[in-house]
Amino acid sequence: MNELPNDPKRCIYCGRSLLKDARYCAYCGKPVEEHSNIHTKKKDVGHRVLLCKDGKYRWMYTLHLLKNPSILFDILSVLAMSEVIVLLFMLLLDTIDNGINMAMIKDLFNMFIIVTGVILTISVIGYLIYAALNGWSYVALFEMDEEGVIHHQMGKSVKTANLVGWISILAGITASAPGNVGRGITSATRNSIFSTYANVRKVKANRKSNLIKVHGLYIRNRIYVQPEDFDFVYEYIRLRCPRLKDKYNPQQQQ
């Protein structure tokens, strides 16, 4: 199987070009490691991170909603936090009016158990319905450059082959009209989330789910990437976010 055209070798930590025979990156000082974040085989086109001719990195990811229910877990965590806040507020109001009341605490605990069970049941059923309507998978296209990272949610009708074709054209792998690619992506996108690095406050890695959470003040983005390119994308994003407190700690995990 033929290899794709070679691009300049790049540092897996900062994404910049490496000097020939360099043992360390001239920009971030990290040791050079053999990797193939761009040099990939045809069977990986689209799923592996590719540097396109317009300077953007692009890749696609298919999330199997049953095998990787990370979306469901996030929904449950948000609902559980909201429930706890409401119950604590009710307990605070009752304590202010009547003092510490063990009977009230017991009633609130029982309410918490019942409400939690209802929320869990409704959430799981709703998630299964959502997964079934989407063919049990979630297809996303990601774009990343020096300014930020974009998560495009692709419509159900979009075929994987079409996404691979778009990325291939933008990467210069195939001969076609790149001008039509942007319109194709726009028409197929259900919605998009753009995270500007300047506004990012937190970046969390969840390698088990192939997920990088990029959180800003108002925008929470979910970046999925294959294990082979996970470290490259993770460090690329982190090193460009000026507001991260632990920007230079590559070992951060969720």
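1. Let's start with one residue: aspartate 231 is partly exposed, with 42% relative accessible area. Its side chain meets that of arginine 207 in a salt bridge, 2.7 Å from N to O. Aspartate 231 sits in helix 5, while arginine 207 belongs to the loop between strand 6 and strand 7, so the pair joins distant parts of the chain, 24 residues apart. Arginine 207 is partly exposed as well, at 29% relative accessible area. Do keep in mind as you look around that this is a predicted model.

2. Now for the whole chain. You'll find five helices and eight strands here. Going along the sequence, they come in the pattern β-β-α-α-β-β-α-α-β-β-β-β-α. Of the 254 residues, 40% are buried. The chain exposes about 14700 Å², and 60% of that comes from carbon and sulfur atoms. Have a look at the contacts too: among those between residues at least 6 apart in sequence, 59% join residues at least 24 apart.

3. The sheet to look at is an open one, made of three strands in the order 6-7-8 with antiparallel pairing. Strand 6 (200–206) and strand 8 (220–224) are its edges, each pairing on one side only. From one strand to the next, the twist averages 15°. As a reminder, strands of a sheet pair through backbone hydrogen bonds, either parallel or antiparallel.

4. Zoom in on strand 7 (residues 211–216) and strand 8, which share five bridges in the antiparallel sense. A handy spot to check the register is leucine 211, which stands opposite tyrosine 224 in strand 8. Helix 5 (residues 227–238) packs on this sheet and touches strand 6, strand 7 and strand 8. The direction of helix 5 makes about 165° with that of strand 6. Helix 1 lies across strand 7 and strand 8, and runs at about 155° to strand 8.

5. What else ties helix 1 to strand 7? The side chains of lysine 213 and aspartate 74 meet in a salt bridge, 3.0 Å from N to O. Lysine 213 is in strand 7 and aspartate 74 in helix 1, with their positions 139 residues apart in the chain. Is lysine 213 buried or exposed? It counts as buried, because its relative accessibility is 10% and the cut-off for buried is under 20%.

6. Another link worth a click is the salt bridge between the side chains of lysine 56 and aspartate 145, at 2.7 Å from N to O. These two are 89 residues apart: lysine 56 lies in the loop between strand 1 (50–51) and strand 2, and aspartate 145 in the loop between strand 3 (137–144) and strand 4 (148–154). Aspartate 145 counts as buried because its relative accessibility is 15%, whereas lysine 56, at 23%, counts as partly exposed.

7. How many salt bridges are there in the count? There are eight. Some share partners, joining Asp54, Arg58 and Glu143 into one network. In general, side chains of opposite charge can pair when their charged atoms come close.

8. Last, turn to the surface. Leu66, Leu120, Val124, Leu128 and Trp136 form a nonpolar patch there, with about 430 Å² of accessible area together. One of these residues, leucine 66, is found in the loop between strand 2 (57–64) and helix 1 (70–98).

Technical notes:
Residues numbered from 1 in each chain as written. Predicted model: local features only at pLDDT ≥ 70, side-chain atom pairs only at ≥ 80, totals over all residues. Heavy atoms only, no water. Patch = residues over 30% accessible without salt bridge, like charges linked within 9 Å, V, L, I, M, F, W, Y side chains within 5 Å. Areas by Shrake-Rupley, 256 points an atom, 1.4 Å probe, with all protein chains shown as cover. Salt bridge = Lys/Arg side-chain N within 4 Å of Asp/Glu carboxyl O. Helix = DSSP H or I, 4+ residues; strand = E, 2+ residues; numbered from the N terminus. Pairing = 2+ DSSP bridges. Axes fitted to C-alpha atoms, helices over the stretch in contact; angles between N-to-C directions. Contact = heavy atoms within 4.5 Å. Buried < 20%, exposed > 50% of the residue type's maximum accessible area, 1.4 Å probe, protein only.
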